[in-house]
Amino acid sequence: MLRRWFALALLGLLLFAGAAKVISVVTSHSPARPVHQPGPLVVVSMPTLTWSEVSPRRTPTLWSLARRGAVAAQTSRTLSAHSCSTQSWLTFSAGVRTVLGRSAWQAPQVLPGDCPEGPLPMQRLDGSADFIFWSSWRQQTLARDEPADIGRLGTVMQATGQCITAAGPYAALGAATEDGVVAHYSSSPDAVDLSACPVTFISLDRPDDGYLSRLLRRLPADATLAVSGMADDAKGATLLALVVAGPGLPHGLLTSPSTQQPGFVQTTDLSALVLARAGDGAPNLPEGRTPVVRPVAGATAPIAHVTGLSRALDLEQPFVPTFFGLFLGSAGVATLVGLVWWWLARRGQAARGEPRTIPAPLRWWFAVIAAMCGAMPMATFLVGMAPWWRAVYPRTTLSLGILGISAAAAALALLGPWRRWVAGPTVFLLVTTLFVIAEDVVHGSRLQFTSLLGLQPVYGGRFFGQGNVGYALYATSALLLAALLAGRLIDAGDRRLAATTVVLIGLAAVVVDGYPSWGADGGGPVAMIPAFAYLALNAAGLSLTWKRVAAIAGSTLVVVGSFAVLDYLRPPRYRTHLGDFVAQLRQTGQPTGLEKIFTLNWQMLTASWLNAGVVLLLVLLMLVLVMPRVVGRPVQPLLQQVTFLGYGLSAVAVCWLLGFLANDSGTGIPPSGLMVVLPVMVLLAACLPGPAGARTGLRQLNGSGSETMETARARAAVIRRR
């Protein structure tokens with residue numbers, strides 16, 4: 001037994017490491033190069049500009065710039081799902097997402113066309129300008145949970161002897177100093193003086209390629225030019241276009257340590273680009289990082305990449321409720337057909353005086369439905385390996401791709417050699433789900449970035465690492481896998497090996513999820529470590545005492561703190577939120593950011609009555625486990641026949657509860673984890689032998705199996721007691 005265990009563990013490690021190496025080679029790219037600014041910097045805002053509007057015929061000047069410069073899709077999200085020019089320019093000025101007035105959670109959903117007119121600066125005789133209410137605006141933005149220092153760009157540039165010229169009222173918002181003063185201001189972009197200051201901000205009312213052509217004729221030869229979509233304004237929330245061109249700037253994809261996605265940046269990264277001119281005097285922004293360029297061969301290859309990325313994300317996000325409505329609705333109809341079939345079969349058996357058993361075809365029916373539903377989350381990740389967005393009917397192609405991958409995974413689960421074990425098909429699906437998510441996280445979350453169940457970067461709060469939905473799928477799969485494998489070892493009489501298996505799976509899962517260069521997840525390990533510790537103690541046959549609870553809590557704090565300190569030791573521009581938390585703790589002595597977790601969770605819970613169901617879901621799961629004979633009677637036979645499954649579900653409940661409390665937007669963790677738990681329960685029930693199987697040697701769904709006689713007798717005794 002021990003040799004076989006070592007062999008399987010080593011094989012799993014080699015498979016993961018080998019796949020990681022292959023993926024690294026296939027996805028390798030040229031080293032990133034910095035964006036040098038040898039001369040002045042000019043930033044031009046063309047609100048609502050997207051890559052779908054950039055073409056040789058429609059925007060020849062911008063197309064020419066993109067063919068020789070660096071390009072990216074830009075997210076303009078501020079504190080709401082839709083960005084207006086006022087808040088986008090204030091975010092640009094502060095280097096932190098912000099908005100004037102009520103916060104996004106308190107305000108109604110902003111719709112296209114709802115953006116108010118921007119405030120106008122008061123122009124002075126000397127060519128400068130100021131905003132009358134700037135001090136009150138600054139008090140508002142600094143008083144938020146995440147303070148935003150509007151005027152940061154203008155103040156830092158002024159301190160380094162580099163003034164900022166603004167042309168257009170919105171540009172003045174970005175150029176103003178902390179006292180609301182703009183050094184040089186022109187209300188008309190056509191009248192801007194490009195020689196007045198080393199930095200110039202220009203805000204247009206709309207995309208205007210003609211203006212860009214006229215501007216290029218006046219631009220100094222050593223100038224760096226950035227053209228940005230900047231804000232959604234009259235359009236729905238979408239990804240905008242960004243082009244940066246200048247002398248010595250390589251042609252390729254812009255990226256940033258804040259997003260870690262090639263061809264994708266956020267507005268605060270543009271703030272960092274401006275602040276980079278201050279050299280060592282540049283402040284470290286909480287969100288933005290200075291962009292770099294990944295050189296790409298081919299004049300139009302970078303444009304094709306960002307255009308495809310923008311199209312994929314714009315198509316995918318609104319399609320999420322439609323797809324899951326259709327998928328879950330189809331699964332519900334198929335389940336209803338199976339239940340009617342079961343009812344008719346039971347009536348026929350009763351009429352013939354036969355024992356009431358589940359026919360084998362009906363078991364197959366439920367097994368296929370459960371296996372496809374269990375494979376669906378993984379399929380939403382894998383489908384991103386193909387450019388479905390290029391198809392004539394992209395959403396249909398996306399749906400069929402997910403359905404095809406789910407069907408293939410279900411077939412492998414039910415027909416593979418592991419089918420001889422009752423839990424074999426379930427273990428196969430859990431392993432593949434874990435494998436796909438872990439490999440993706442280790443390699444930059446490229447698949448999670450565009451998945452229907454992924455990061456949702458147009459609206460979401462992170463662009464790499466482990467998102468909350470991905471975490472729920474990942475942690476739930478890891479805990480159930482550990483429980484099923486431990487149960488098999490317990491059946492074999494080796495509790496020590498069972499506990500070791502749980503510890504090793506938990507250790508690997510926590511490292512992948514929490515390591516700053518991979519999952520970069522702080523709340524995830526906080527929930528997973530206690531859940532795996534609880535599972536390991538029960539696998540070893542040990543009780544949970546207060547001393548052990550204290551040891552688990554201390555170990556959790558040490559592990560998560562170690563991840564955060566490791567991240568803090570990296571240079572500031574490469575830190576994630578883990579390292580920034582340690583930096584803030586050292587500077588202010590306050591655990592800045594913790595209150596945000598509870599605030600966001602409460603806001604999400606109270607935003608809709610449906611969200612309140614998350615608490616009910618957690619309570620129901622705990623009641624099923626604590627009061628199995630009262631509330632959990634339907635699943636009690638399954639928990640009795642599958643060794644250690646009940647402890648696995650208890651560990652999942654612990655993980656969901658702590659994950660809900662420890663993550664901002666943790667409200668989505670329990671419902672997402674349910675997409676793993678429900679198919680697992682149904683698939684296990686479909687694969688278990690019924691009473692007829694007990695009388696014929698416990699024939700399983702797919703074969704005679706490899707259970708020991710002792711286990712078979714125990715299962716038969718349980719069935720007879722029923």
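Reader: Hello! Is Tyr 515 buried, exposed or partly exposed?
Author: Welcome! This is a predicted model, and the answer rests on a computed area. Buried would need under 20% and exposed over 50%. Tyr 515 has a relative accessible area of 32%, so Tyr 515 is partly exposed.

Reader: What kind of aromatic pair do Tyr 515 and Trp 518 form?
Author: A pair of aromatic rings is described by the distance of the centres and the angle of the planes. Here the ring centres of Tyr 515 and Trp 518 are 5.0 Å apart, and the planes meet at 65°. Planes over 60 degrees apart count as edge-to-face. The pair formed by Tyr 515 and Trp 518 is therefore edge-to-face.

Reader: And what is the relative accessible area of Trp 518?
Author: Trp 518 is partly exposed, and its partner Tyr 515 is partly exposed too. For Trp 518 the relative accessible area is 28%.

Reader: How many aromatic pairs are there in the whole structure?
Author: Rings can also gather in a cluster: Phe 319, Phe 323, Phe 324 and Phe 327 form one. For pairs, a search of the whole structure gives 18.

Reader: Which ring does Arg 573 lie over?
Author: Let's start with another arginine: Arg 462 lies over the face of Phe 464, 5.9 Å from the ring centre. For Arg 573, the distance to the ring centre is 4.9 Å, and the ring belongs to Tyr 574.

Reader: Which helix gives the most to the largest nonpolar core?
Author: That core has 106 residues, and Leu 480, Met 528, Phe 532 and Leu 645 touch the most other members. The top contribution is 15 residues, and they come from helix α14 (residues 468-491).

Reader: How many residues are in the second, separate core?
Author: Among its members are Ala 72, Val 96, Leu 153 and Phe 201. This second core has 46 residues.

Reader: Where is Val 192 found?
Author: Val 192 is buried, with a relative accessible area of 2%. Its contacts beyond four places in sequence include Thr 165, Ser 186 and Tyr 211. The C-alpha atoms of Val 192 and Thr 165 are 7.9 Å apart, although the two residues are separated by 27 residues along the chain. Val 192 is found in the loop between β8 (184-186) and β9 (199-203).

Reader: One more, please: is Ser 88 buried or exposed?
Author: Ser 88 sits in helix α3 (residues 85-94). Beyond its neighbours within four places in sequence, its contacts include Ser 76, Met 230 and Thr 267. With a relative accessible area of 0%, which is under the 20% cut-off, Ser 88 is buried.

Conventions:
Residues numbered from 1 in each chain as written. Predicted model: local features only at pLDDT ≥ 70, side-chain atom pairs only at ≥ 80, totals over all residues. Heavy atoms only, no water. Helix = DSSP H or I, 4+ residues; strand = E, 2+ residues; numbered from the N terminus. Buried < 20%, exposed > 50% of the residue type's maximum accessible area, 1.4 Å probe, protein only. Contact = heavy atoms within 4.5 Å. Core = buried A, V, L, I, M, F, W, Y, C linked by side-chain atoms within 4.5 Å. Phe/Tyr/Trp six-rings, centres within 6.5 Å; stacked < 30°, edge-to-face > 60°. Lys NZ or Arg CZ within 6 Å of the ring centre and 35° of its normal.
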